[in-house]
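Thank you for making the time this morning. I would like to walk you through one structure, taking it region by region, and I will pause at a few places to ask what we can read from it.

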Amino acid sequence: MHLNLFTQCSPSPQFKGFWRHPADRSATGYRDLGYWVELGRRLEAACLDALFFADVHGTYDVYQGSWRAAVRHAVQIPSIDPLLVLPAIAATTSRLGLAVTYSTTYHAPYECARVFSSLDHLTGGRIAWNIVTSYLRSASANGLGSYLDHDERYDRADEYVEVARRLWEESWDDDAVRRDVAANVFTDPDRVREIGHDGRWFSVRGPHQCEPSPQRTPVLYQAGASGRGMTFAARHAEVVFLTMAEPASGASQVARLRAEVAAHGRDPRSVKALQGSMVMVAPTRAEARRRAEEYVALWSGEGQLAKWCGWMDVDLAAYPDETPVAEIAGQGSQSFVGFLRRLGPERTWTVGDVRYLVATARRPRTGAPVTLFGTVEQVADRMEEWCAVADVDGFNLIPCPTTQGIDDICDLLVPELQRRGLFRTAYDPAERTLRERYFGAGAPVPARVPARDTQAPAEPAAARG
Ligand SMILES: Cc1cc2nc3c(=O)[nH]c(=O)nc-3n(C[C@H](O)[C@H](O)[C@H](O)COP(=O)(O)O)c2cc1C
């Protein structure tokens with residue numbers, strides 16, 4: 001089983017309002033190097049695969065046409081740049097993987113290639129790139145480039161990944177750097193080449209600015225859930241994040257992903273599927289009940305709404321309750337419509353439903369959609385069920401509440417999974433890089449896959465609302 005911990009360099013990632021929890025340290029820790037260094041050490045002691053950093057550009061200003069609610073409730077603002085935090089964690093750990101989000105819409109690929117080669121060198125091959133196309137329109141109001149529609153963002157991302165990979169994989173031979181004092185040759189210019197890319201979106205001559213790093217290419221993560229997103233993931237990704245409602249319907253989603261991977265000529269098992277789940281694990285049933293009450297008390301409905309409106313690129317406050325959501329889908333993330341469909345296949349979801357669903361705090365329940373909530377035994381049972389029924393390879397754990405949640409994952413959940421023989425008790429010394437941790441010692445960078453004309457298969461008609 002592979003386990004990542006989800007975080008972001010902002011107060012109380014994901015759960016709006018939880019920075020008010022008495023034990024919370026994320027509200028000030030998010031911009032404190034000591035906080036991140038300590039977290040890295042803690043996760044490495046628990047043998048986790050990787051610490052995963054989400055990131056966005058711009059502010060959540062879709063809800064009520066303003067960023068005020070996002071600012072008030074700390075909806076990914078304030079935040080700092082996670083790239084700058086990674087080397088400090090790398091310096092104080094030796095095995096923990098570090099996965100970071102980097103946008104194909106708001107950065108240049110030449111710059112991306114240099115950033116990730118640098119990080120891969122500095123971490124000794126422990127870096128993953130979470131490839132995102134970025135859904136927030138507000139980034140373009142800050143001079144970061146034009147906002148592109150959903151599918152066009154993925155078109156650009158296809159070419160972007162191609163360029164970055166050519167810089168990593170074609171520009172420098174393994175033995176290009178000689179450091180030959182006697183011959184006065186640092187690098188043999190005959191073993192370094194330009195890539196000469198001239199495409200629809202980018203013109204990049206090269207050569208790449210960095211010598212080959214331990215992994216050459218970072219482990220490629222992706223989370224596309226729309227048809228277009230899944231095609232992108234099937235072509236490029238080595239690790240895919242999924243946010244599935246529950247194991248039974250999740251099984252068909254994972255099967256679709258693996259089928260699409262196979263249709264791209266890749267081994268369907270060459271992609272690791274990680275389910276993203278909120279984790280709230282307690283030592284006893286009574287404590288779980290108490291925490292469920294606390295969850296309701298801390299929940300910020302307005303903060304959640306601001307977040308969802310940004311994700312969707314739709315102002316849910318601007319439509320009458322009875323409007324069907326499918327009719328007003330914006331150019332943000334499209335997976336939320338699919339998520340609702342799986343949550344209630346028979347329903348026509350309306351704006352009022354979604355507003356209620358998003359803004360209303362409900363007590364978490366054992367076995368409820370997406371959540372891993374309950375006693376440690378209940379949560380471990382549920383994780384076993386996910387792996388067996390949905391065929392996932394692991395989890396991207398979102399700790400709730402942030403600080404206590406991290407403690408509980410490390411102190412309660414991981415030991416229980418280890419007791420059951422489901423999770424490593426030590427890192428395998430043969431697996432030196434993050435890619436090797438996922439795919440075994442000596443695992444190569446996967447071959448690049450040419451684009452296919454077809455899109456991922458649509459969901460079966462029966463599953464539509
Ligand atoms: C676990 C997880 C983490 C994500 N992290 C980010 C992120 O940090 N930044 C971002 O812009 N999008 C992030 N996304 C959104 C995805 O990149 C993608 O836009 C989303 O899954 C919707 O895909 P779709 O547009 O194909 O429907 C994340 C998604 C998931 C499931």
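**A walk through the model**

Let me begin in a loop, the one that runs between β8 (203–204) and β9 (219–222), because that is where Pro-207 lies. The peptide bond that joins Gly-206 and Pro-207 is cis, with omega at about 0°. Please keep in mind throughout that what you are looking at is a predicted model.

There is another cis peptide bond to show you, and this one joins Ile-77 and Pro-78, with an omega of about 5°. Here Pro-78 sits in the loop between α3 (68–72) and α4 (86–92). That loop between α3 and α4 also holds His-73. Is His-73 buried or exposed? Its relative accessible area is 15%, and because buried means under 20%, His-73 counts as buried. If we set aside residues up to four places away in sequence, His-73 touches Lys-16, Trp-19, Ser-300, Glu-302 and Gly-303.

Let us turn now to the ligand. How many residues surround the ligand? There are 21 of them, and the closest are Asp-55, His-150, Tyr-154, Ala-223 and Ser-226. If you sort the residues of this shell by character, you find 8 nonpolar, 12 polar and 1 charged. Among the elements of the chain, β2 (50–54), β4 (127–132) and α6 (150–170) each contribute at least two residues to the shell.

It helps to look at individual atoms here, and I would start with His-150, where an N or O atom of the side chain is 2.6 Å from an oxygen atom of the ligand. With Ala-223 the partner belongs to the backbone, since a polar backbone atom of that residue is 2.5 Å from an oxygen atom of the ligand. Ala-225 also takes part through its backbone, with an N or O atom that lies 3.1 Å from a ligand oxygen. On its own the ligand has 620 Å² of accessible area, and the protein covers 89% of it.

Next I would like to spend a little time on helix α8, which takes in residues 247–263. Why should this helix span 24 Å? The helix has 17 residues, and the expected span is 1.5 Å times one less than that number, so the figure comes to 24 Å, and the C-alpha atoms at its two ends are indeed 24 Å apart, in agreement.

At the start of α8, a side-chain oxygen of Glu-246 comes within 3.2 Å of the backbone nitrogen of Ala-248. After α8 comes Gly-265, which has a positive phi, near 80°. Several residues of the helix are buried, including Pro-247, Gly-250, Val-254, Leu-257 and Val-261, and also the charged residues Arg-256, Arg-258 and Glu-260. The elements that cover the buried residues of α8 include α7 (227–236), β10 (239–242), β11 (272–282), α11 (335–343) and α13 (376–390).

One residue of this helix that we can follow more closely is Gln-253. Its relative accessibility is 5%, and therefore Gln-253 counts as buried. Leaving out its neighbours within four places in sequence, Gln-253 is in contact with Met-230, Met-244 and Arg-342.

From the helix, let us move to the loop between α10 (301–312) and α11, where we find Ile-328. This residue is buried, with a relative accessible area of 11%. Although Ile-328 and Asp-313 are 15 residues apart along the chain, their C-alpha atoms are separated by 9.7 Å. Again leaving aside neighbours within four places, Ile-328 is in contact with Val-314, Tyr-319, Thr-323 and Val-351.

Finally, I would like to set two backbone angles side by side. Ser-12, which lies in the loop between β1 (2–8) and α1 (26–29), has a phi near 40°, a positive value in a residue other than glycine. Asp-391, in the loop between α13 and β13 (394–399), is not a glycine either, and its phi is positive too, near 65°. How do they stand in terms of exposure? Ser-12 has 1% relative accessibility and so counts as buried, whereas Asp-391, at 27%, counts as partly exposed.

Definitions and conventions
Residues numbered from 1 in each chain as written. Predicted model: local features only at pLDDT ≥ 70, side-chain atom pairs only at ≥ 80, totals over all residues. Heavy atoms only, no water. Near = heavy atom within 4 Å. Polar contact = N/O pair within 3.5 Å; in protein donor to acceptor, adjacent residues only side chain to side chain. Areas by Shrake-Rupley, 256 points an atom, 1.4 Å probe, with all protein chains shown as cover. Helix = DSSP H or I, 4+ residues; strand = E, 2+ residues; numbered from the N terminus. Buried < 20%, exposed > 50% of the residue type's maximum accessible area, 1.4 Å probe, protein only. Contact = heavy atoms within 4.5 Å.
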